[in-house]
Amino acid sequence: MGRGRGGGGRGRGGFRGKNKKGGDRRDVRTEPWSDIRRENALFESYYKTGGFLDEKEFEQMWKYMASDLPNSFRFTGTKADALAVREIFKKRYIPAITAVEFEGEPVQPPEPVKAFPDELVWHMKTHKKVIRRYKPFAEFQRFLVAETTAGNISRQEVVSMIPPHFLDVRPGMVVLDMCAAPGSKSAQLAEMIHGDEEERVKRAASNESFNATDDGDYSDDGRSTGLLIANDTDYKRAGMLVHQVKRLNFPNLIVTQHDASIFPSIEMPPAPGSTKPQYLKFDRVLADVPCSGDGTARKNPNVWQKWTPRDGLGLHNLQLRILMRGLQLLKKGGRLVYSTCSLNPVENEAVVASAIQACGGTSKVQLVDCSNALPELIRKPGLNQWKVLDTSHINGEEKINHMFTSYESFLNTKEKYEKEEPARQFSNKITRSVFPPVDAPSEAERIPLERCVRVYPHLQDTGGFFIAVLEKLDDIKVAQPGASSKGKAGSTDATPVPVQASEHSDATPQLSAEDAVPSAPSPTKRKLEDTEDDAASKRFRTETEDPAQDATNKDGTTTSEPVNDTTSSTPGPNGTSQTPQPRLKSESQSQKEYFEYLPKDDPTVSDILSFFGISPRFPRDRFLVRNKEGLALNKMYYTSELAKTIITHNKDRGMRFIHCGVVMFVSHKIKDKDAMKAPWRLQNEGIKILEPWAGKRIITCKSRDEFYRLLIEMFPKLPKDGSHELGEVGEQLMQLDIGCCFLRIEQDESQGFPFRMVLPVWRHPGSANLMVDKDDRKAMLLRLFNEENPRIINHVMEKAKEEAEKESAEATEEAEGETEAKEEDTEMGDAPVGTE
Ligand SMILES: C[S@@+](CC[C@H](N)C(=O)[O-])C[C@H]1O[C@@H](n2cnc3c(N)ncnc32)[C@H](O)[C@@H]1O
């Protein structure tokens, strides 16, 4: 509980605007969202006439599309903790909000979203002006902010929570999140990999029996053996990702920064008896790819202002390459979820179908029927047929909207215009791959695209989303996308639909004359077309894909993917073949981050572990430091065993690791440091990992009042002679030498402790201090004591202030010649450095 600090999920980063890598979708408008006209004729027309929904349902869907999106959030962390915070929320805030009336009507309180289990996901449709006006909402908002900061609540869009549920992650699995920033899905995946290990570790440490394999793999003495690699190509967004995942305090997590379409193969130690390196394969892969984001129109004004069909066309190739790389990295039998927040089939079904075909068809990769996952989620099947929209133009003017039903129809139209109107330009991103697959020779070979999942806004008042679940049935040899049967058969001609008047008639539903697009493409659009995919393909030309060979060993590793292999030919944009080049950049090209493990007999580690009486069963060889010299200087991080293996085998191979490990010990810089056996502080972040194995320096708190005092006062006094106000906790602290200790608080409803807590406390010569920063103290005071705006008393600061005031008064007196100067010792008591 209270797993540290950090912001909540801030929704989905996608592709649009300035960030050519598809990162930054932030709204940079100056006018309020409410003033934006939620109209875009071409956008509407495409979804109205493209065969997505029948007319009546389309109207309903579009009404939702143009309305505000409800706020949503989920309770996070271990299930027990999440349920406990949910209960506080339900008992304390829902009744108060339910009692509120607005304009004579009761307001709508937050409601659980039925599609998700255990009432852990909630949404709130109440208008902002109601929220601002009524106290119960203000109180609830404060709770939401405090718990989001403490890491117990994550604000996340409802649809964005779906993909991890479809991935079916179990503890012990090795998972890759290919496009992970800002990290809301990574947080869900990490929770799933973690499972209920806390309970099992507790049992393992106290030599009670526990099941290490029933619902996953907990064979690391109760700890989950799984791992999450969260990756994003964008430097800034990868930073946001680190910020988000750090607060999870999950030692089985690595953050990397790579282009997912050329994500490097991860080297693993050779199998026993062999000298050949092996390469890591993943049990699960999430490809939540950069997309046009047109399903986010309910919260993103850019969609209304700038939607063009070229957004999706420009991203198709990158999305396809990311998906295929994900499939290559997947274990045989493993599962991959492909998702976008776009409703455009060019970015969705077209990508999925092309990838399956490029991998060798349905005998190699199959779409999974996931109707059993989240059964309450209302959904629509994926499309087997769709049309491709393009807007041709002459120097940005004289625009014509075209709906093409097949690649041939596009080629015919283009050919016609090349003769009749050579200056007319079509998107150069239209390939076979963006069209529906043609009829397969047999049902077994047909790609059942209806198994994909489409979530439209009106179905349960959410944003729009697309999800496809893929299973790798066999090793794959990747062919060039576009070289498959997809689009081979001829189809009807495309219908050019002019802005002013229809040129031809065709069975294809036409876009109406009002569908005129803005007179000139916006700079953003041009950028999207000209830079994103071109840049991606340029990158692709210089950084090679994996070898096509893809033989998987029984343990899920492969022996056939050397990182710098330069011999394979790879699929390129528009079906071209690329000249392979070394894939990984040299270290000198990226900012150097150090990840060095301390030896298992490191004397500092030994001193600390013996100071806290840590069981010899606790691993001693997993402590990481982040300095070049590999020395225990300021901070020590703990990582899982698999994280260590990956880091040590790959850090000098050009892999860009940017985060790993949970901070466990921080050096304590105080005057009497030399007199101490272990001048290191336990950290709130890592304390829960270590505590089950500790045999010394443990104090327990059973009293609500004593805990309240520890929270509200920093450095409460513990004088050698004289009384203190810390009750039994104080008595236990008095028995300890100076240094850090564990404070244990067991779950006890009678004392208002709804869950177990373990927190670090420092025993000073004349005082004690709960080593929790002010924000976390405030969050705990609100959560446990319903204190809304507590004043935290800092005795040391107050003493220092008093001293300073006294000094300044004396200096004034001295200046006036009224008294002698008297040197004051403004010693900060025994305050530890940097605990606030
Ligand atoms: C839709 S967002 C991902 C949202 C994220 N999964 C979440 O739930 O918080 C897409 C992300 O892909 C990243 N991206 C764009 N191109 C990429 C590439 N070639 N490789 C890896 N990541 C990429 C963007 O920086 C962006 O953060």
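**Exercise 1.** Work out how the helices α12 and α13 are oriented to each other.

*Solution.* Two packed helices are described by the angle between their axes and the distance between the axes. In this predicted model, local features need pLDDT of at least 70, side-chain atom pairs count only at pLDDT 80 or more, and totals for chains, interfaces and linings use all residues. Residues are numbered from 1 along each chain as its sequence is written. Helices are DSSP runs of H or I with at least four residues, and strands are runs of E with at least two, both numbered from the N terminus. The axes, which are lines fitted to C-alpha atoms over the stretch in contact, come within 9 Å for α12 (residues 309-329) and α13 (residues 349-358), and they cross at roughly 45 degrees. Angles, taken from 0 to 180 degrees between N-to-C directions, count as roughly parallel under 35 degrees, roughly antiparallel over 145, roughly perpendicular from 65 to 115, and oblique for the rest. The helices α12 and α13 are therefore oblique to each other.

**Exercise 2.** List residues of α12 and α13 that meet.

*Solution.* Taking contact to mean that C-beta atoms, placed from the backbone, lie within 7 Å, H316, Q319, L320, L323, M324 and L327 in α12 meet A350, V351, S354, A355 and A358 in α13.

**Exercise 3.** Locate the cis peptide bond at P182 and the positive phi of E103.

*Solution.* The bond from A181 to P182 is cis, with omega near 5 degrees, and P182 is found in the loop between β7 (174-177) and α8 (184-194). E103, which is not a glycine, has a positive phi of about 50 degrees and lies in the loop between β2 (101-102) and β3 (105-106).

How values were computed. Two residues are in contact if their C-beta atoms, placed from the backbone, lie within 7 Å.
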